Amino acid sequence: MSRETKRRAKRLIVLLALAALCVLAMLVVRARDTKRLTAALDPIAPDAARDFMRASLVYDAGTRTFRGTQTLRASNRTGEDLEEAVFRLMMNGADEESVSITNVTVNGESVRAQTDEEDPTVVRIPVSWASGATVELAWTLMIRHAKESTSSLITLPQMAVWEEGDWRTDAYDALCDAPFAQAFDYALSVNAADASPLVFGGALTDARWETGVGETLYEVQMQGARDMTFAVGQSQSVLCREVGGVLVSAQATSVGRARSLLDAVQTALDSLEAIGLAYPFPTLSLVEADSGHSDGQVGSGLVALPLTGGGEALCQRVTRLVARQTFGVLVGNDPYNAPWLSTSLASAAELLAYAQRKGERALTTRLEEEIAMADRVTRPYGVTVGATLAHFGGDAERTQVLRDQGGGMLLGIAQAAGEEAFLDALRLYAQENAGGIASLADFERVLLTATGSAWDGYLEDELAY
């Protein structure tokens, strides 16, 4: 064999070895990103400490309609005897007739529910409900979602919050995330055609063919939810991955885009874990959908992202949305009057996670280019972090103020008190208020405990509007 022939043979061997390695790497990635992962969890049983919701639905893709039943076992924790229970209906992107509840019963007895004339999202159910007593409310449910080219978010009806002697029935605000609610547990089953894949905020515990070829019955459950939200797509791609013990699902317009979402959430979960902010639930779903929120929308265990962006910008957005599962779901807040307690705290957590990944110099650059710009643009108009949703002109202004200006405001505390002390305050805030609805006073208290200093004056100046 000539010397030249030997060289060619060696080159061929090297190329074949490289090709084999590439194929192996692709197989590893595909093995990691599977079509469906189910969680091995014990079935949820009703707990006296939290309300329990159960729903069973069937999806008709032709009419874009879910039909079925919904039952709530709830205790009266208001401290007062009640004569009604109030529920909120999310219109899920369609018209006012897109959600209805009929055949309502209280403890098995038929009652007549009333819808507020001025606000069709408010449903009042008559019930003689003594303080401390438990009742079972049930109804037949119909939800029709708007026609979308991507995924549609579906949020089931839920009980309103009792506050200061009355039910909270704020007018629906398009800037708001999933409804303001007390924490509850739920079990959900949905039957749908395989061409209309679903992903859920709760843990998928089973997905099986039930009624024939081409249809799947999904079984889902979640503890500590604020809402009962899932997403349905038309021929969307769904991939799943286990990340640090969390089962993550991504539903997107393509396999490549779904894999990009999984990569971004892996970075997010790892970087938040590195600063001591562990993800609070066993599962997480990411949905590529037009939610009307430029920075994304949050439901319990589920986040919806806009159809644009990738790379580092996508990692930052996903990290903020993941952090809001702690600051907004695990710990509730008033999304109408104090939205900053979710968005701004999550933004501060994302900035600190970014510094951990990229270094302090990169964080300084972001603060100069993004945060300082937000201050210059928004402060002259008097819109501050503490404003209610009514004061924001739209999604872009709300995002810039609560995300950028709010994140910078809280990083001012971190820089003055020390990052570790500030992170201690965030961890203590999550620990002390998990399952409840927190307020400014709760945040001020943990800041005092963790940093040894009172920040009420600083926060009052920054939040005033």
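## Cysteines and burial

C240 is buried, because its relative accessible area is 0%; here buried means under 20% relative accessible area, exposed means over 50%, and partly exposed covers what lies in between, all with a 1.4 Å probe and protein chains only. C315 also counts as buried, at 13% relative accessibility. What about cross-links? A disulfide is a covalent bond between the sulfur atoms of two cysteines. With a disulfide taken as a pair of cysteine sulfur atoms within 2.5 Å, the count is zero.

A word on the ground rules: this is a predicted model, where local features need pLDDT of at least 70 and side-chain atom pairs count only at pLDDT 80 or more, while totals for chains, interfaces and linings use all residues. Residues are numbered from 1 along each chain as its sequence is written, and side-chain values use heavy atoms, with hydrogens and water left out.

## The eight-stranded sheet

Let's turn to the strands. Strands (E, at least two residues) and helices (H or I, at least four) are DSSP runs, numbered from the N terminus, and two strands pair if DSSP finds at least two bridges between them. One open sheet has eight strands in the order β5-β4-β8-β2-β1-β13-β16-β15, and its pairing is mixed. At the edges sit β5 (109-110) and β15 (203-209), each pairing on one side only.

Start at the β5 end. Strand β4 (residues 99-106) runs antiparallel to strand β8 (residues 134-144), with six bridges between them; T105 has A138 in β8 as its bridge partner. β4 also pairs with β5, again in the antiparallel sense, over two bridges, and here V106 is matched with E109 in β5. The β4 and β5 hairpin has two residues between the strands, and N107 takes a positive phi near 50 degrees there.

Further along the sheet, nine bridges hold strand β13 (residues 184-193) and strand β16 (residues 215-225) in an antiparallel pair. S189 stands opposite E219 in β16. E215 is also found in β16, and its 29% relative accessibility makes E215 partly exposed. The C-alpha atoms of E215 and Y59 are 10.0 Å apart in space, although 156 residues separate the two in sequence.

## A covered strand: β19

Which residues of β19 point which way? In a regular strand the side chains alternate between the two faces of the sheet. In β19, V246, V248, A250 and A252 point one way, L247, S249 and Q251 point the other way, and all are buried. That fits the tally for strand β19 (residues 246-252), where seven of its seven residues are buried.

Strand β18 (residues 237-243) runs antiparallel to β19, joined by seven bridges, and V243 has V246 in β19 as its bridge partner. Two residues lie between the strands of this hairpin, in which G244 takes a positive phi near 55 degrees. β19 also runs parallel to β20, with five bridges; S249 is partnered there with S285 in β20.

## Aromatic pairs

The whole structure holds 12 aromatic pairs. Rings of Phe, Tyr and Trp (its six-membered ring) pair if their centres lie within 6.5 Å, and planes under 30 degrees apart count as stacked, over 60 as edge-to-face and the rest as tilted. Y279 and F281 make an edge-to-face pair, 6.0 Å centre to centre with 80 degrees between the planes, and both residues are buried. Y429 and F443 are edge-to-face because their planes are at 85 degrees, with ring centres 5.6 Å apart. This pair links distant parts of the chain, 14 residues apart: Y429 is in helix α7 (residues 419-433) and F443 in helix α8 (residues 440-451). Both Y429 and F443 are buried.

Y279 itself lies in the loop between α2 (255-274) and β20 (283-288), and its relative accessible area is 13%. Its C-alpha atom is separated by 9.8 Å from that of R324, 45 residues apart along the chain. Elsewhere, Y59, F66, F200, Y218 and F230 form one aromatic cluster.
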